[in-house]
Amino acid sequence: MSTTSAPVAPVEQHRDEPSSRWWDAAAGLVALGAGLAAAELVGLVTSRSATPVVAVSDTVVDLTPPWAKDAAIALFGTNDKVFLFAVVATVAALVGATAGVLERRRPPLGALLTAALGVTVAAAALTRPDTGTLSVLPGAVAAVVGIVVLRVLLARLVVTGAGPRRRVVLLVGTGAAALGAGLGAGLLRRVGARGGEEARAAVELPTAAEQAPPLPEQGTYDDVPGLAPFRTPNPDFYRIDTALVVPRLTTRDWRLRIGGMVEREVELTWDDVLARPLVEKWATLSCVSNRVGGDLVGNALWLGVPTRELLAEARPLPGADMVLSRSTDGFTAGTPVEAMTDDRDSLLAIGMNGEPLPLEHGFPARLVVPGLYGYVSATKWVTEMTLTTFAQDQGYWTPRGWSARGPVKISSRIDRPGGSDVRAGEVVVAGLAWAMDVGVAAVEVQVDDGPWQEAELADAGTSSTWRQWRWAWQADPGSHTLRVRAIDQAGDVQIEEPAPPAPDGAQGYDEVTVRVT
Ligand SMILES: Nc1nc2c(c(=O)[nH]1)N[C@H]1C(S)=C(S)[C@@H](COP(=O)(O)O)O[C@H]1N2
Ligand SMILES: [Mo]
């Protein structure tokens, strides 16, 4: 009897084989890959944020409770995003394989599972702040392609005479085609994305009308091995944000709109910014998630326009006490108006350490507010500043369990000696301390339960930056614990009682235990 190629082949011939489930699972995986590749291609015309892995991962980030975000950062540091992608990919692979097995045994459950996956993706994409209704397309296309490919593969696997070799060829061939399509989409996207790098490369920063005082000659302790340099080089500067894909703005497209409770709305273009007198400002930026002794903190020379001047033009209405800044990807931060208008020189920054802002640090423009943690102030890729009130509005992290206001706590850290053994005799102990706005007045070190002893402070630094410190220790053999604390210019001593980062910043004294031989 001759049959035309049946869309769904008889199931019985296949079911007896003990290994058949693995073939079906593999078919499910390949079908999932094909769906994803199709979605990547469609995503070229929608936005990257709407493609399955990105949309789902972004949504997971938003739904992640603060303690878990904290744990992920602690465990994986800046690799937390790689970890997240890996988790999402693993779950997706499991679902794909399950769909394969189900569709063989209980059709159309596998198809339904694939459809559910597509709906999840589309729903996740719709919740993204930077996508429109078109963003349901990648999820929808992924579901349709995934189901069709799954059915065809399952049917082909059981065609009479399809031995293991034919099956491998079928699955690997289809998988390779999907991979090729996916990589092709990635390549095309990369070509498009170069726009961001090119836009940055094309920027020539004007020199500041008001320059920061040069670092005093010999004013740093940068020559002390193991101590962080006064200025954090851009490639070493910590990066924290909710963006899985770095937003790529061009100076041509960028606008900053200042509105809300203002007498006059202001809209700035890139050229408007360049035409203004720019100022330079040394400022230390710190993440509220930084643990005692941690490195989610950096110091840079920023170049930009004082937000005080921008806000003065918009003329905030009485009663407005918050600037809700928003980035192109929907992140928001709520900053007290005062912090953006007083004499601390908060900036709409366009330069970082003499270069245009790196893409991942907010190109073309971001906010820098000395004295406040980044989550309530330092919006990268900023496009809007809305005057409003703390009673009425919240920044991104506040409903997620973090304090509405985030002044940086007085902090200090021991950079050296690290964990390893040292020789008895003179040992240079060194680290960093910061007391934002007020300035560091003194740093003290304690050995075991001994008296607090005053360290030397490097000259480099202002009330908006950290200060390097060093202390010469006459170390006796044995195991010793060193502790550090800072005291600010107002006489306030760093808080000793330990607390975790949530909800308003870690506190407690950094300490290291050293073996002296
Ligand atoms: N657009 C955007 N800006 C953002 C964030 C973000 O998630 N998105 N995170 C903030 C946080 S929590 C911090 S600590 C600083 C970090 O800035 P950096 O990555 O340049 O060090 O950026 C702030 N600005
Ligand atoms: Mo942060």
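**A hairpin, its partner strand and the cores**

Modeller: In this predicted model, S1 and S2 form a hairpin with five residues between them, where strands are DSSP runs of E with at least two residues, numbered from the N terminus. Local features need pLDDT of at least 70, and side-chain atom pairs count only at pLDDT 80 or more, while totals for chains, interfaces and linings use all residues. Residues are numbered from 1 along each chain as its sequence is written, and side-chain values use heavy atoms, without hydrogens and water.

Biologist: In S2, which residue is the bridge partner of Arg-257?

Modeller: Strand S1 (residues 255–260) and strand S2 (residues 266–269) run antiparallel and are joined by four bridges, and two strands count as paired if DSSP finds at least two bridges between them. The bridge partner of Arg-257 in S2 is Glu-267.

Biologist: Which residue in S10 does Gly-259 stand opposite?

Modeller: S1 is also joined by four bridges to strand S10 (residues 382–388), and these two run parallel. In S10, the residue opposite Gly-259 is Thr-386.

Biologist: Which strand gives the largest share of the largest nonpolar core?

Modeller: A nonpolar core is a set of buried Ala, Val, Leu, Ile, Met, Phe, Trp, Tyr and Cys residues joined through side-chain atoms within 4.5 Å, buried meaning under 20% relative accessible area with a 1.4 Å probe, protein chains only. The largest has 84 residues, and those with the most contacts inside it include Trp-254, Ile-258 and Met-385. Six residues, the largest share of this core, come from strand S4 (residues 297–306).

Notes: Chains are lettered from A and ligands numbered from 1 in the order in which they are written. Buried means under 20% relative accessible area, exposed over 50%, partly exposed in between (1.4 Å probe, protein chains only).
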